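Let's take a walk through a protein model together. Keep the 3D view open and turn it as you read.

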Amino acid sequence: MEITNVSEYQEIAKQKLPKMAYDYYASGAEDQWTLHENRFAFTKILFRPRILIDVSKIDMTTTVLGFKISMPIMIAPTAFQKMAHPEGEYATARAASAAGTIMTLSSWATSSVEEVASTGPGIRFFQLYVYKDRNVVAQLVRRAERAGFKAIALTVDTPKLGRREADIKNRFTLPPFLTLKNFEGLDLGKMDQADDSGLASYVAGQIDRSLSWKDVKWLQTITTLPILVKGVLTAEDTRIAVEAGAAGIIVSNHGARQLDYVPATIMALEEVVKAAQGRVPVFLDGGVRRGTDVFKALALGASGIFIGRPVVFSLAAEGEAGVRKVLSMLRDEFELTMALSGCRSLKEITRDHIVTEWDSPHPRPAPRL
């Protein structure tokens, strides 16, 4: 069957992957209300396209933290990619590099920072979980720096792991042939079988619940890399993040895997953008499956978006070629949306190009009697 859009990869992944692996990637927390909403909320935003504009040349390039990329579509950190495909993070890194965009490597990758760097050139960010042992954190950050990673994406929404009931039912644990490669030498690479979710038990044992804003400051003392705060959903935390020296903010609800009944990220985006006041870039993570979604996020003030599940599903289906295809389909759809909306560059995408369900209705002239 010919794949014509990003969402079609999910069904193929479901057929190909063991149930435990598919459920781990696909599921959300508790009732999965936010998981559904991350997608559904995009339907509450409609276009106000401008016509008869010369769109023969369209420029999708942008810069993120000073790095030039081909399009505002980047790869979010997702764990355990070798559970989807034997080449795992290697394949994702090569696909991102070929597309001229950024890959974010998860702390819990099944390939190390050094291994991913060995795939060749590319702009890469490193997602960081803060472990109770700060020496482990400092070591990991230094390794990412040495391996040429350009920024740290600090995940701030996981003092405890969200309640993912599919993982509890499946007694989720990493397949025996895989390890958390970045922690292998530190005796933290293995995940034990548990009475519920092996990952939840691992997090309870290793991840620091005392993490606070002072640690964002501490991180800046151990690295010169810019720090993106990933997991912000409110204006209040946006202002604190900016004050704390964050170089950027990723509006994320962790793929709806942490606290259920938080808003869809596209719904939280505008509040965060307004609070940031242009002092730092704001990015959207969660629910993007179409080029139209990318445009809507940019119209609401995002500087770019990150995709997670589409990467692991396409990786499971077709390896590196699948991830390349996802990036090229989103790119083509986004370019088409720009053309049909009358935008030739990212800076021409404005709030006036969309109308949302939460806008006050556009005033209509009174009908003539």
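What follows is a tour of this predicted model, from a strand and its partners to a helix, two loop residues and the nonpolar cores.

Let's begin with strand β6, which covers residues 124–128. How many of the five residues of β6 are buried? Five of the five are, so the strand is largely enclosed by the rest of the structure. You can check this one side at a time. R124, F126 and L128 are buried on one side of β6, and F125 and Q127 are buried on the other, so to speak of a single hidden face would miss half the picture: both faces are covered. The pattern of every second residue on one side follows a general rule: in a regular strand the side chains alternate between the two faces of the sheet.

Now look at the strands that pair with β6. Strand β5, residues 103–105, pairs with β6 in the parallel sense over three bridges. Here M103 stands opposite R124. Strand β7 also pairs with β6 in the parallel sense, over four bridges, and in this pairing A153 is the bridge partner of Q127. Add helix α6 to the view, and β6, α6 and β7 together make a right-handed β-α-β unit.

Next, find helix α9, residues 213–222. Which of its residues are buried? D215, V216 and L219 are. Seen down the axis of α9, the buried residues fall within an arc of 110°, so they line one face of the helix. K214 and T221, on the other side of α9, are exposed. What do the buried residues pack against? Their partners are β6, α6, β7 and β8, which brings us back to the three elements of the β-α-β unit.

Let's move to the loop between β9 (248–251) and α11 (265–276), where Q258 is found. Is Q258 buried or exposed? Its relative accessibility is 12%, and since buried means under 20%, Q258 counts as buried. Its side chain has a polar atom 3.0 Å from the backbone oxygen of D157, and a polar atom of this side chain also lies 2.8 Å from the backbone oxygen of K160. Beyond its neighbours within four places in sequence, Q258 is in contact with several residues, including A29, T158, L161 and N253.

The loop between β9 and α11 also holds S252. With 1% relative accessibility, S252 counts as buried. Which side chain makes a polar contact with the side chain of S252? It is that of D285, at 2.8 Å. A polar atom of the S252 side chain also lies 3.0 Å from the backbone nitrogen of H254. Leaving out residues up to four places away in sequence, S252 touches D157, K230, G231, V232, L233, T265 and D285. D157 is in contact with Q258 as well.

Finally, step back to the nonpolar cores. The largest has 105 residues, and F80, W108, L128, Y131, I266 and F334 touch the most other members. Helix α13, residues 309–341, gives the most to this core, with 13 residues. There is also a second, separate core of 13 residues, and among them are A76, F125, L228 and F306. Look again at β6 with this in mind: L128, on one side of the strand, belongs to the largest core, whereas F125, on the other side, belongs to the second.

Definitions and conventions: Residues are numbered from 1 along each chain as its sequence is written. This is a predicted model: local features need pLDDT of at least 70, side-chain atom pairs count only at pLDDT 80 or more; totals for chains, interfaces and linings use all residues. Side-chain values use heavy atoms; hydrogens and water are left out. Buried means under 20% relative accessible area, exposed over 50%, partly exposed in between (1.4 Å probe, protein chains only). Helices (H or I, at least four residues) and strands (E, at least two) are DSSP runs, numbered from the N terminus. The arc is that of the directions from the helix axis to the C-beta atoms. Contact means heavy atoms within 4.5 Å. Two strands pair if DSSP finds at least two bridges between them. A crossover is right-handed if, with the strands pointing away from the viewer, the path from the first strand over the helix to the second runs clockwise. A polar contact is a pair of N or O atoms within 3.5 Å; within protein, one must be able to donate a hydrogen and the other to accept it, and residues adjacent in sequence count only if both atoms are side-chain atoms. A nonpolar core is a set of buried Ala, Val, Leu, Ile, Met, Phe, Trp, Tyr and Cys residues joined through side-chain atoms within 4.5 Å.
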